[in-house]
Amino acid sequence: ELCAKGDFLYSGAKVMNDFTFDSATYTWAPVTGFVDDLDFDGGDFTITGLPNALFDVANGNIHNLKLNSTVVLSDENAHHGLLANQFSGTVTDCEVSGSIEHTALKGTADVAGVVGAAGGKLVFTNVANKASVKATFVQDATPKLAGILATSSATGALEFINCSNSGSIVTVATSGVTTKFTYIGGIFGDVTNPEYVTMKGCANSGNITSNHDSAGITVGGLYAHNAAAPVSTELYNETTYNTNAGDITVNGTISGWIRFGGCIGHTDASNTSAKYLKNLEGADLTINALVNVGARIPFGGVIGHFNIAPSTAEYCYNYGTVTYNGTMEHSGSTYYSPTVGGVIGYTNQTGHSYKNLHNHGAVSCTSTQTFKRFKIAGVIAYLESGSPTIEDCSNNVDLTLSGNSGHTFYGGGVLGHVEKANAVLKNLTNNNKITFEGTAAHITYIGGVVGDVQDATAKCSNLVNNGEVINKRTTSQNLYLGGVAGRISGTI
């Protein structure tokens, strides 16, 4: 009765038994106003049946709580989560199940299984979301969706320690509605201003399906986007990586970039450390969307777009499938194109370091469209500008390099296209067969290790190919096909 009235605003509140909310007797208003030293102890009991968030805007410490809610909401400019709409403090040893369905009328639409938005420093430890998340858009909202935390623009650190999402995340929209830029992540969606973000031993196994039209989309099995705040992904213990096992699919019509990674959609902050990441076997990543402007499509088995140096990617593995089945309506003379990589789709900026990136999963293009350019590779599809070092990377699966280009096609067992990068490439190995089955109207570069190093200052050493390189092309004016490289400009 006390809980139903929401009158437990004091430090030391504790749940004493399993509790089912009586919606026939009471009207629930999410609790708000906790002080910093609040300690809310769930006692390992379950609260069931709340028709809205347990907490609204609050801060403190919540632990040992199980929550099973079915929430259906329709509003605008809102943050929503089953545990809290906005929260700062700590959430420890909690489990959330059930579902949250939100119809976004317009404006902000931040929705997650656990917490909608961070209000300051927020630490999640041993938190599991099992609740499904569904968002429906009837106007041009700004969607940010996730299993654990949808968004944070507040100062203060964010930490995710041994957290998991197994709930599905689905978006739909009414006919004719195009949302603004969309961010979807299994653990968190979009963060912009925190001091730093740490992720250790986190896992997504929930399927993510985007079915709505938008001005652009960034999606990742673990997280979609970080800007300004450097993210560090680390081991939980000596063997526990951050992993994705969920299927992720992007449909709809997109009027901008698609940034899509099995673990990370887009890193956009300097000093980001993308380490100890695995896209697991059985995780199918697919783009079916139409991009109706000239825009890049960075698509990777682990990371979609790796940006803003200096940053580091190490110990990243793809075992899932990466399939590009989309189409594009080109704008003017732009040569933007899909860049499809087993580990990373596209990377740029100065001073990146890439080490121990390994692909074990199928990478393919099943689209029949002819793109202006097309880039595909077992590890990294496209490196542009900067002074990156790429070392100790490998492809370990047969690759069929398919796709159609109206101008130039780039494909390689490890790297597709290295351009104006002042790059250092060393200890790169392809261990399996590479088959080119695409087409190009102008030039094709195919290599067992790297398709094209278009970089006179590149330094290349110990590039090893152990697999056949087979050409089954149908048309091309100029074909450069090599056991190690299609073309290299630089020092070998």
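**Exercise 1. How many residues does the largest nonpolar core have, and which of them have the most contacts inside it?**

Solution. The model is predicted. Its largest nonpolar core has 123 residues. Those with the most contacts inside this core are Leu54, Phe124, Phe160, Ile258, Leu357 and Leu415. Now take Phe124. Leaving aside neighbours within four places in sequence, Phe124 is in contact with Val91, Val114, Val115, Ile148, Leu149, Glu159, Phe160, Ile161 and Cys163. In general, nonpolar side chains in soluble globular proteins tend to be buried together.

**Exercise 2. Classify the ring pair of Tyr410 and Tyr445, then place both residues in the chain.**

Solution. Start with the distance. The ring centres are 5.6 Å apart, and rings pair within 6.5 Å. Next, the angle. The planes stand at 20°, and under 30 degrees counts as stacked, so this pair is stacked. Then the location. Tyr410 is in strand S45 (residues 404–412), and Tyr445 is in strand S50 (residues 443–447). They are 35 residues apart, so the pair links distant parts of the chain. Both tyrosines are buried. The structure holds 23 aromatic pairs.

**Exercise 3. Which tyrosine faces does Lys278 lie over?**

Solution. Lys278 lies over the face of Tyr241, at 4.4 Å from the ring centre. Lys278 also lies over the face of Tyr317, at 5.7 Å from the ring centre. Ring pairs link Tyr241 and Tyr317 into a cluster with Tyr276, Tyr315 and Tyr319.

**Exercise 4. Is Asn64 buried or partly exposed?**

Solution. Asn64 lies in strand S3 (residues 55–75). Its relative accessible area is 21%. Buried means under 20%, so Asn64 is partly exposed.

Key: Residues are numbered from 1 along each chain as its sequence is written. This is a predicted model: local features need pLDDT of at least 70, side-chain atom pairs count only at pLDDT 80 or more; totals for chains, interfaces and linings use all residues. Side-chain values use heavy atoms; hydrogens and water are left out. Rings of Phe, Tyr and Trp (its six-membered ring) pair if their centres lie within 6.5 Å; planes under 30 degrees apart count as stacked, over 60 as edge-to-face and the rest as tilted. Helices (H or I, at least four residues) and strands (E, at least two) are DSSP runs, numbered from the N terminus. Buried means under 20% relative accessible area, exposed over 50%, partly exposed in between (1.4 Å probe, protein chains only). A charge sits over a ring if NZ of Lys or CZ of Arg is within 6 Å of the ring centre and within 35 degrees of the ring normal. A nonpolar core is a set of buried Ala, Val, Leu, Ile, Met, Phe, Trp, Tyr and Cys residues joined through side-chain atoms within 4.5 Å. Contact means heavy atoms within 4.5 Å.
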